[in-house]
Amino acid sequence: MDFRYPPDAEVFRAAVRAWLAANLPAELRGVTVRDDLTPELVERLRAWNRTLADAGYAGMSWPKEYGGRAASVIEQVVLTEEMSRAEAPGPINVIGLSNIAPAIMTYGTAAQRSRFLRPMLRGDEIWCQGFSEPNAGSDLASITTRAVRDGDHFVVNGQKVWNTLGEYADWCELLVRTNAGAAKHEGISCLLVDLRTPGIVIRPIVTITGGREFAELFFEDVRVPASALLGPLDGGWKVAMATLSHERAGVASLHLQVRKRVARLIEDARATVVDGAPVTADPMKRRELARAYMLAEHMKFLADRALSASVLGRPPGPEGSLAKLVWSDTENAIAATAGRVLGPAANSGRWGEQRVYVRATSIAGGTTQVNRNIIAARVLGLPRSRTPRSSPPRRTPRLLVGAGFIPARGGFAATDSCGRGQAPPLRAEDGRASRAGR
Ligand SMILES: Cc1cc2nc3c(=O)[nH]c(=O)nc-3n(C[C@H](O)[C@H](O)[C@H](O)COP(=O)(O)OP(=O)(O)OC[C@H]3O[C@@H](n4cnc5c(N)ncnc54)[C@H](O)[C@@H]3O)c2cc1C
């Protein structure tokens, strides 16, 4: 196998590297959305998003008519590699760019495409995805937030949860139930909602690691214009599926952060001294580190397989389905290795945070258990499991890459595994106030 990139890709790499050296503000080096977001940091990241977009480095895969480059997968991968090398943050509007834009391009009216895509690309308007609810996560089709038509408007009532960037978002791609009488998947619609609309309360969720990139959204008699409907009425399930992105470039870049993390772990192990000797003097610990290293290298091979298929024009293989699962298992294994190898030194600082945060990787974008079900059925062709009669109705698995999954950035937050909080009362004074009149 030839692991070299084509010459064109190397020319592109040199251009990106030079551009990053000249344009990345020093204070943004190493920043991610996992860091403590403050309004000031969000504004700096927004400005960086704009700089990237104006140079053609945001939305690289987008068609040219919408301001993208229609770039090949390999160019997207090279960009991600160079961004990772320079420790440059990606666009802050990552949910909009990689998840919501494809749905608007596919299902949006001409007016919606021309109104939303450009400001989305530049990060002038930040988007969040309002899919999950306290009782609808993996089983997304169980959503109960409802929208009732009233003249030229829909009136929306309900609650969403785990909305990445919800506190800072200007717009939301909202899944609502518009037909309570239809079958579960058939009575859902998708609305593009301005979060400044009266009746919306946004309450930030502070996660166990102290991050603030999540919010809950509460809707009380929110009047959304009928023109906000994305795709057909009651046809929102298809729109939701188009939202769940599965770009190969994301798959082909997941190993970057993982391999960096293993390299840091090895460095930290060398520097950690117990009883007068570095922990790496212990052959059992060296074995643990070698295993973590191999797991991370394995991810690189998975990525190379996806990339090579794309360069050679082969149809997507199972890598896309496996990548999220392997990534999350690997991240969890590295965190556990850090605990065993570094001992008490892994209880605080970056490893302390990572060991708590890492649980989110097995939840966001489709849980590990649901992913295993999907791989069993769709990749391995195994029969679906039978549900005993006495069991509760079976949950519908969600697609592999789902809400909040940000592959190229790894920008997840740690949270409790079940978003099943009780809906608190709707009060404007709760948490962050309604954005009406902002
Ligand atoms: C970092 C992060 C970012 C997120 N961002 C967003 C966002 O921007 N917008 C948004 O709408 N949502 C977002 N989410 C929510 C995410 O999509 C849900 O948490 C996820 O779909 C799981 O749903 P749940 O939390 O309700 O858990 P549940 O679906 O209730 O699952 C609870 C447990 O039951 C298991 N389970 C469920 N169904 C099955 C099954 N059929 N077979 C076997 N086991 C099963 C699960 O694996 C899990 O262990 C985000 C979550 C995280 C962690």
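What span should the 29 residues of helix 9 have at 1.5 Å a residue, and how far apart are its end C-alpha atoms? The expected span is 42 Å and the end C-alpha atoms lie 41 Å apart, so the two values agree. Keep in mind as we go that this is a predicted model.

Let us take the overall picture before returning to that helix. The chain has 12 helices and 10 strands, and of its 438 residues, 45% are buried. Among contacts with a separation of 6 or more, 77% join residues 24 or more positions apart. The average pLDDT is 86, and 85% of the residues score at least 70. One stretch deserves your caution: over residues 393–438 the pLDDT stays under 50, and for these residues the model has 121 contacts beyond four places in sequence.

Back to helix 9, which covers residues 283–311. Its axis and that of helix 3 (residues 73–86) come within 9 Å and cross at roughly 145 degrees. On the helix 3 side, Val73, Ile74 and Val77 make the contact, and they meet Leu307, Ser310 and Val311 of helix 9. These residues divide into 5 nonpolar, 1 polar and no charged. The buried residues of helix 9 include Leu307 and Ser310 from this contact, along with others such as Leu289, Met299 and Leu302. Lys285 and Glu288 are also on the buried list. Just beyond, helix 9 is followed by Gly313, which has a positive phi near 70 degrees.

Now for the core. In soluble globular proteins, nonpolar side chains tend to be buried together. Here the largest nonpolar core holds 104 residues, and those touching the most other members are Trp127, Ala169, Cys172, Leu191, Val193 and Leu230. Leaving out residues up to four places away in sequence, Ala169 touches Ile126, Trp127, Cys128 and Leu195.

Two loop residues make a nice contrast. Gly166 sits in the loop between strand 3 (153–164) and strand 4 (171–177). Is Gly166 buried or exposed? With 27 other C-beta atoms within 10 Å, Gly166 is buried, because the cut-off for a buried residue is 20 or more. Beyond its neighbours within four places in sequence, Gly166 is in contact with Cys128, Ile202, Phe214, Ala215 and Leu217. Ile205, 39 residues apart from Gly166 in sequence, has its C-alpha 9.4 Å from that of Gly166.

Asp152 lies in the loop between strand 2 (146–150) and strand 3. Its count is 9 other C-beta atoms within 10 Å, so Asp152 is exposed. Outside its neighbours within four places in sequence, Asp152 is in contact with Pro225 and Ala226. Pro225 is 73 residues apart from Asp152 along the chain, yet their C-alpha atoms are separated by 6.1 Å.

Finally, have a look at two backbone angles. Glu87 is not a glycine, but it has a positive phi of about 55 degrees. Glu87 is found in the loop between helix 3 and helix 4 (94–107), and is partly exposed, with 14 other C-beta atoms within 10 Å. Asp234, not a glycine either, has a positive phi of about 65 degrees. The place of Asp234 is the loop between strand 8 (229–230) and helix 6 (236–243), and with 15 other C-beta atoms within 10 Å, Asp234 is partly exposed.

Terms used: Residues numbered from 1 in each chain as written. Predicted model: local features only at pLDDT ≥ 70, side-chain atom pairs only at ≥ 80, totals over all residues. Helix = DSSP H or I, 4+ residues; strand = E, 2+ residues; numbered from the N terminus. Buried ≥ 20, exposed ≤ 12 C-beta atoms within 10 Å, placed from the backbone. Contact = placed C-beta atoms within 7 Å. pLDDT = per-residue confidence, 0-100. Axes fitted to C-alpha atoms, helices over the stretch in contact; angles between N-to-C directions. Nonpolar A, V, L, I, M, F, W, Y, C, P; charged D, E, K, R; others polar. Expected span 1.5 Å × (residues − 1). Core = buried A, V, L, I, M, F, W, Y, C linked by C-beta atoms within 7 Å.
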